[in-house]
Structure formats: C-alpha cells, structure tokens
Amino acid sequence: MTAGYPFSAVVGHDDLRLALLLNAVHPAIGGVLVRGEKGTAKSTVVRGLAALLPPVAVVEGCRFSCDPAAPDPACPDAPHDPAAATRPARLVELPVGATEDRLVGSLDLERALTAGVRAYQPGLLCAAHRGVLYVDEVNLLPDHLVDLLLDAAAMGRAHVEREGVSVSHAASFLLVGTMNPEEGELRPQLLDRFGLTVEVAAAREVDTRAEVIRRRLAFEADPAAFAARWSTSDTELARRIVAARTALPAVRLPDAELRRIAALCASFDVDGMRADLVLARAAVAHAAWRGAGAVEERDVEVAARLALPHRRRRDPFDEPGIDEETLQQALRDAAESAEPPERGPDDPDGGAPAPEESTVDGNGAPRDQPATPPAAAPDPAFRARLLEVAGLGEGAPGRRSRARSAAGRTLRASPTHGRGVHLVGTLTAAAPHQVARGRTGAGVLLRAGDLRHAVREGREANLVLFAVDGSGSMAARKRMSAVTGAVISLLLDAYQRRDKVGLVTFRGTGADLVLPPTSSVEAAVARLRGLGTGGRTPLAEGLLRARRTLAVERLRDPQRRPLLVLVTDGRATVPIAADPVEDALRAAGLLAADGVASVVVDCERGPVRLGLPARLAGALGGACVRLDELSADRVTGVVRAARRAA
C-alpha cells in the first residue's frame, strides 16, 4: 500500500493543523470546516491526520465498531461476542454525489427479497464511527445530507427511519469538511454547526513555496522513503494526542476563564449558546494539548480565533472572518468580565455593574464607527415571490422548480423509468406469479420484469441568469435604488433555493458578463453593488449576451434548467441591424426558440409608459412582472384584499 503524505511534512497551515489536533483530542468540539482556494493542500492535511489517530479496539464481528470496554447496549448487532480486535482508525470519505441511502444506510434489499428478512445495511456514518469522516467540497453537498451529517455529529448517534427499518446506532466521529468559497457558501445555519473553522491560502513567500515544491517532488519520487523521514515527528504527534486525551477529563476550567468565554461570545452577539460551548471545549482541549492542568487566557484566545470567525456571519451575504484588531479589542473587553464582581452587603445582585454596550456589532465592526452608506444605497431587501421554470425537470436538488428526484415524495411505481427500487411495487408485481414459479419456502422469486422503479417528485435548483439594464434611462437615483434592492432580494431567494446565478449587464454600446454562472451568490451581490450606470441602452446586445452565456452553460450542465430574469424599462436605443426595439424583440425570439424560461421585471415608472417590457415578455414567451410586484408579501396582501372584496 502506498504511504500517505505525512502530517508533519506539511509546510505552513499552522492553524489548520492545530484545529485538527484539538478535534482529535476532544471530538465533542464538533469538527473543522476548512475554507480555502483550490490547490492549498486542504485534503492532504486532513488525510495525514488519520494516520496519527490511535488504533481502535472493537468488538469482533460488530459492524458498528462497538468498544469492548463499553459496548453500546442499543447496538443493532447486540448482544455481542466478548472477543475483541484492534484496527486502525478509519478515514471515511463522503463524495459529493452520495445519496441519503449511502450516508445513513437503508434496507438490505438482497436479504429482504431472497430471504424475506427485514435487515439494515449500514452506511458511511456507521463506517466512520470512532474515526474521521471527511467531506470534500461540503458546500456542494445537498442541504438535506448536510443536515443529516451535522445532526449525527452533534448527537453522536445516527437514527434511521425508512422503508420499514427503524435503527439507531452510535456515530461518533471527527468531522472535517473542506470547501472553496468561490464555488458558493454554506448557509449560516450550517456554518454554525461546525465547531471550528480555518481559512487557508497559498503562501506568497518564495522560500515557503520552494520548500512546498521540494517536499512534494521528494514524496512523489519515493513515498516510502519520504514517509520514513518524517515518521519520528508523526509518532511524537500521535503520542501527544493519546496523552492529551488521557489528561482531558482532569483539565479544569476556572470560573474566571468561563466568564471570559461568555463575555467574548456576548461581545460578538452570536446566536444561541453553541459558540460558548465550542469555545469552552476547544480551550480545554488546547490546555490538555500543551500539558496544562487548567485553562488559561491564552487557551481562550486560541479557541476564539478558531471558533468565532464563521459565527459572525449573520446575513447570507456577510463575509465570514474577524480581523485581528477587532478580536484583540474584544479580548481586552472580555478581560474585565473575567473577574467575578464583588458582593456588597446591601447588594443582592452582587454589585454587578450595569451591562455595557458591546464594542463590536454582530459583524465584528466597532460600534463607535458608524457605517457610511453607499452613494446610492439599495432599497431594503424583501421576501421575493417564487419565480419558477414550468414543467418537470431533472436537475440538481434544490427548492425552486418541480423536478423528478431521488429524494422527493414518491408518486407511483413504474416499470420503465424512475430512481431507485420501489419495493412495494416490485413485490406486488411478483406476488401473483409465486405459485407458477414454484415458490415453496421463504423469500420471493423475482424476474427482471417484476422490477419497479420509484417515480419521485421534488424540487430542483436552476440557473438564474440576471440581465440588468444599467443605462441612463434606469440611472435615476430612486429608481436604481429600487432596482438594486429588488435584484438583491431575488439573489437572496436564489441563495435560499440553492440556485446557480450569473449576472449580465448592458449599458453604453455593449453588454458584459459581469459574473459567469456560479454557486457563489455572494459574489453576484458584490458585483451588483458595484454596478455602474449611465449611457444608452443596448438591449438587443444584452439579450444576445445572455443567450451565448446560457448556450455555454447548457453544454456544461444539460440537466440544470435556466431562468432568465431581465430587469429593464425596455427603452432600447442602440440598434444592431435597424430599429433598436425590433432588434431586441428578435433577440428575445431567439431565446424563446431555445426554450429558455424568462421573466421580465418591468421598471417603467411615471405617467408615460410605453409598454415595451410587456412586448419583450411576449416575445420571450415569459411573464412580465412590475417591480413592485416582486414582493411575496405584497402579492399575498393583494390576493387577500381581492378575496375580501369578493
């Protein structure tokens, strides 16, 4: 077997290595999320950690890796044989394309159909128990799988209720997820479930980069010899992990440091109490790692640097992270709370001072430095109405348009198409033929023609391409603020529905693809807020640019259906062939012929309206929605008012 890259041989990434080691000492911290650009050795470091973990003693023959010293009484394989065995800690990888069955397990179809036994086939959560579960590109994993994964990591158990199977088994593992923020962010609710987070980036120093190249080439030339060179360092790290695990229960968390942790989390206005608990566990683990008997201020500082950055992201479009100056100021403020207040004889509340306003807000920005609004601040975001693609798609799981899916509700059984086996349908098709086939004992005799597939319907994610008119006719301050606020609201909706987004803008004499289709909705918001306005209206060129963009994306991802959102007042002024408006209508007809679903957001205002957006919508074969009709709450209010009037 080829030797893996040694953990100790990784150059740099000190915070990442420390975060992984602290979780190896105290898995209850909740795992590590590694954020960084591509090619920064994220996966290499994670895989190197597994070799450092101590061997695991297991009950021989137990599929769920029960500890012989304390077997799980609720283990599906109980009662256990007293025989024990030892195996290395596992590194289990969860691929992006994994299904729910593969993650949590499912009914063992082979035994169910041949022996008539309802048995459980364990999944990856079972395989990862007492080891490492590694999820590369965790931000691309479907949300429902991330929820299942984080629930199991938090509870230490996996619960399976599906296909007539009800199973609960231990699932305690060190969870490590890696992601490239350029490909999209995790939702804040999911970010909060990871204990620690680390940002990694390639070194810019020439000496460091040269050493990375030197070591990698040496490893590729002779992996065994390279691993042998670093074996002493890795062995020492493995010894320290075992020692720290042993010492962990005896490490004290003084009340002063506990108060420091609470004050620090309060100063950043984090939601809930998870941050406080993670910070406390990480500080205790760090104290055990350095061989101390009690937590000190330096342990809290290290833990805060790893546990708080991703928890300041309150809004989906906030950037994660905390700058060093803000963290140090918060630590200085928290030091004042570390000492318990003195109790006065006449003070039943212990003389506690009145709470002071935090020096930093929920985004980690100093409160005494009011934000300066942009020159043309967008209107506040609102809850956008659902814009969806008609028909039934087969794209990636999401929350926008109807689609055939592997995880939606089951509609029926089909002998020709569907996803997965429809067990009841298969058995129903086979049942009438059992006597003719000579069945005499347990089990069901099946033929190929009995197989039925489950036809399920759920929701898919789409590619939402925004084509935004930035011309002079749109540039009035109040109108552009309303347009920007509306598009940001639609982007927020796309974020929540897990869509890919792209942004085309047109003004002056041409159109630009400002943001190629991406899963990073945050990038689209940043580009939109920096959008320039003014000049003429090359509407036809904007539509043709959108068409070319969608044609390229159709080749890359043919299953993902597009939705074009055209934001304009329709007043085209730049011709391609003859009349600017007729050119725009012809371009719209080409998009309609391509089968692109479209919505035109009508930005016309004032007493004189030409109705051009409605004509464009007709040529596109899509809907025309006024700017003030994009709010779901407004549409709901209008419908209710109409019902009351009726």
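## The S4–S7 pair and its sheet

Let's start at a strand pair: S4 and S7 (residues 132-135) run in the parallel sense and share three bridges. If you want one spot to click on, leucine 91 has valine 132 in S7 as its bridge partner. Keep in mind that this is a predicted model.

Zoom out and the pair belongs to an open sheet of five strands, ordered S4-S7-S10-S1-S11, with parallel pairing. Strand S4 (91-93) and strand S11 (196-200) are the edges, each pairing on one side only. Ignoring direction, neighbouring strands here are turned by 20 degrees against each other on average. As background, strands of a sheet pair through backbone hydrogen bonds, either parallel or antiparallel.

## Two helices side by side

Next up are helix H1 (residues 14-25) and helix H2 (residues 42-50). When two helices pack, they are described by the angle between their axes and the distance between the axes. For H1 and H2, the axes come within 11 Å and cross at roughly 30 degrees. Angles under 35 degrees count as roughly parallel, so H1 and H2 are roughly parallel to each other. Their crossing is right-handed.

Who makes the contact? On the H1 side you'll find Leu16, Arg17, Leu20, Leu21 and Ala24, and on the H2 side Val45, Val46 and Leu49. Sorted by class, this contact of H1 with H2 has seven nonpolar residues, one charged residue and no polar ones.

## Backbone oddities between S2 and S3

Some backbone background first: most residues other than glycine have a negative phi, and most peptide bonds are trans. The loop between strand S2 (56-59) and strand S3 (84-87) is where proline 79 lies. A cis peptide bond joins alanine 78 to proline 79, with omega at about 0 degrees.

Serine 65 is also found in the loop between S2 and S3. Its phi is near 55 degrees, a positive value in a residue other than glycine. Is serine 65 buried or exposed? With a relative accessibility of 2%, serine 65 counts as buried, since the cut-off for buried is under 20%.

## A positive phi between H11 and H12

Aspartate 269 sits further along the chain, in the loop between helix H11 (255-267) and helix H12 (274-289). Phi of aspartate 269 is near 55 degrees, again a positive value in a residue other than glycine. As for its surroundings, aspartate 269 has a relative accessible area of 36%, which means partly exposed.

Terms used
Residues numbered from 1 in each chain as written. Predicted model: local features only at pLDDT ≥ 70, side-chain atom pairs only at ≥ 80, totals over all residues. Heavy atoms only, no water. Axes fitted to C-alpha atoms, helices over the stretch in contact; angles between N-to-C directions. Helix = DSSP H or I, 4+ residues; strand = E, 2+ residues; numbered from the N terminus. Parallel < 35°, antiparallel > 145°, perpendicular 65-115°, else oblique. Left-handed = near helix turned anticlockwise from the far one by under 90°. Contact = heavy atoms within 4.5 Å. Nonpolar A, V, L, I, M, F, W, Y, C, P; charged D, E, K, R; others polar. Buried < 20%, exposed > 50% of the residue type's maximum accessible area, 1.4 Å probe, protein only. Pairing = 2+ DSSP bridges.
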